[in-house]
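Me: Please take a close look at the ligand site of this model and describe what surrounds the ligand. After that, a short account of the notable ring pairs and backbone features elsewhere in the chain would be welcome.

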Amino acid sequence: MYAKRLDNLPPYLFAQIDALKAQKRAEGIDLIDLGVGDPDLPTPKHIVDALCEAARDPSTHHYPDYLGMLAYRQAVASWYDQRFGVKLDPKKEVLALIGSKEGIAHIPEAFVNPGDYVLVSDPGYPVYKTSTLFAEGKSHPMPLLEENGFLPDYAAIPKDVLKNAKLMFIGYPNNPTGAAASIDFFEETVEFAKDNDIIVVHDNAYSEISFDGYKSPSFLQAKGAMDVGLETHSLSKTYNMTGWRIGMCVGNAGLIEAFGRVKTNIDSGVFDAVQRAAITALTGPQDCVAQACAVYQERRDALVTGLRSLGFDVTSPKASFYVWMKVPDSVEFVAKMINEAGIVITPGTGFGASGAGYVRFAMTRPVDRINEAVRRMKECGIRG
Ligand code: PLP
């Protein structure tokens, strides 16, 4: 009774992991959950206060503007200017999203014709492929290999794919590899996109989660990026607001206009009170972001040091909250971790074929739980 395309839809990776966790917890196991990338820290108080105040104002109780309140879009533009030096026209180059997942899920509907190729990072956020499927496009994986710094090799894409490629999804700081990209790489991407008439969608969900003084660039800082691309970002990871569902899509005015037409027809925007709180987040004090990064940095150091002490060869990420680790068999390793040590991590294969041989740890639990995870691994003889 359901549409044939659902046959091609893999079960949503994190929903599967949630089901497994529920089963283990029902068995009474004290799980250490380093699986899903959902920050455990609370949303900063000044943002919660702004929501409460806005929710009490009845003028926020009605249908929001489809494209986002102008004041929210202005706040996004001023944040982009301050953070990246990127100037945006809030009326034409900024759109509110119901979280960046919603944007990524619907962007292909605006640009992809049935049968067009969409180039997707592999391993990558699973929604790149799913949204392509729903738009009746064909996804072509761009392997992110360790020897290339987990950046795609555009020269390796076959000519017949390139001829029919319409869109590409990339994202740095990268989920799941934790890799970062430079403006030079983004400029190479712009050139490639222009040469092949491909729209670039850069998923910038983790731009604010970085360590050791590193600041991750926006794709839109690259020369010519505004001609070819869109960038999605959200308040989820930056301000611990995953449950609030608020994000943004910014970039080329023509692309924003087309995507806005899709959104106007399929959703009714973000609760105005949430948008007002998001304005407070973007324009208010930013020390909460630095504090969250300091917490993740401490966790990263505990995890990387612990895994190295067990003989694993891991790279310490300079951004994102993921540690991507090589193992002989990712599915087998994940099963051993949960069944023997009660630790939930994610198999690399859940992010695409090129994730085989890797697992992902999310640093979304406190240091004492990370140290406990390392202790349990040692006790169970899980070593590199
Ligand atoms: N992009 C990447 C790479 C992610 O990891 C996530 C969430 O984990 C998202 C986008 C979606 O985040 P949100 O919809 O909360 O903005």
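Reply: In this predicted model, a good place to begin is Tyr-206, which brings a polar atom of its side chain to 2.7 Å from an oxygen atom of the ligand. Arg-245 makes a contact of this kind as well, with a polar side-chain atom 2.7 Å from an oxygen atom of the ligand, while the side chain of Asp-203 places an N or O atom 2.6 Å from a nitrogen atom of the ligand. With these contacts in view, the cover of the ligand can be stated: taken alone it exposes 400 Å², and the protein buries 91% of that.

The space that the ligand takes up is the largest pocket. Two elements, helix 4 (100–111) and helix 9 (235–238), are those that give two or more residues to the shell around the ligand, and helix 4 gives the most, with three residues. In total, 13 residues surround the ligand, and the closest of them are Ser-100, Asp-203, Tyr-206, Ser-236 and Arg-245. Sorted by class, the shell is made up of four nonpolar, five polar and four charged residues.

Turning from the ligand to the rings, the structure holds 18 aromatic pairs. One of them is formed by Tyr-128 and Phe-169, and it counts as stacked because the ring centres are 4.8 Å apart and the planes meet at 10°, where the cut-off for a stacked pair is an angle under 30 degrees. This pair links distant parts of the chain, since Tyr-128 belongs to helix 5 (residues 127–134) and Phe-169 to strand 5 (residues 165–170), with their positions 41 residues apart in the numbering.

The backbone has some features that deserve a careful check against the displayed coordinates. The peptide bond that runs from Asp-122 to Pro-123 is cis, with omega near 5°, and Pro-123 lies in the loop between strand 3 (117–122) and helix 5. Another cis peptide bond joins Asn-175 and Pro-176, where omega is about 15°, and Pro-176 is placed in the loop between strand 5 and helix 7 (183–196). Finally, Asp-197, which is found in the loop between helix 7 and strand 6 (199–203), has phi near 55°, a positive value in a residue other than glycine.

Conventions
Residues are numbered from 1 along each chain as its sequence is written. This is a predicted model: local features need pLDDT of at least 70, side-chain atom pairs count only at pLDDT 80 or more; totals for chains, interfaces and linings use all residues. Side-chain values use heavy atoms; hydrogens and water are left out. A residue is near a molecule or strand if one of its heavy atoms lies within 4 Å of it. A polar contact is a pair of N or O atoms within 3.5 Å; within protein, one must be able to donate a hydrogen and the other to accept it, and residues adjacent in sequence count only if both atoms are side-chain atoms. Accessible areas come from the Shrake-Rupley method with a 1.4 Å probe; for residues, only the protein chains shown count as cover. On a 1 Å grid over the protein atoms alone, a cavity is a set of points where a 1.4 Å probe fits but cannot get out, and a pocket is an open set with protein on both sides within 12 Å along at least five of seven lines; lining residues have an atom within 4 Å of a point. A molecule sits in a cavity or pocket if more than half of its atoms lie within 2 Å of its grid points. Helices (H or I, at least four residues) and strands (E, at least two) are DSSP runs, numbered from the N terminus. Ala, Val, Leu, Ile, Met, Phe, Trp, Tyr, Cys and Pro count as nonpolar, Asp, Glu, Lys and Arg as charged, and the others, Gly among them, as polar. Rings of Phe, Tyr and Trp (its six-membered ring) pair if their centres lie within 6.5 Å; planes under 30 degrees apart count as stacked, over 60 as edge-to-face and the rest as tilted.
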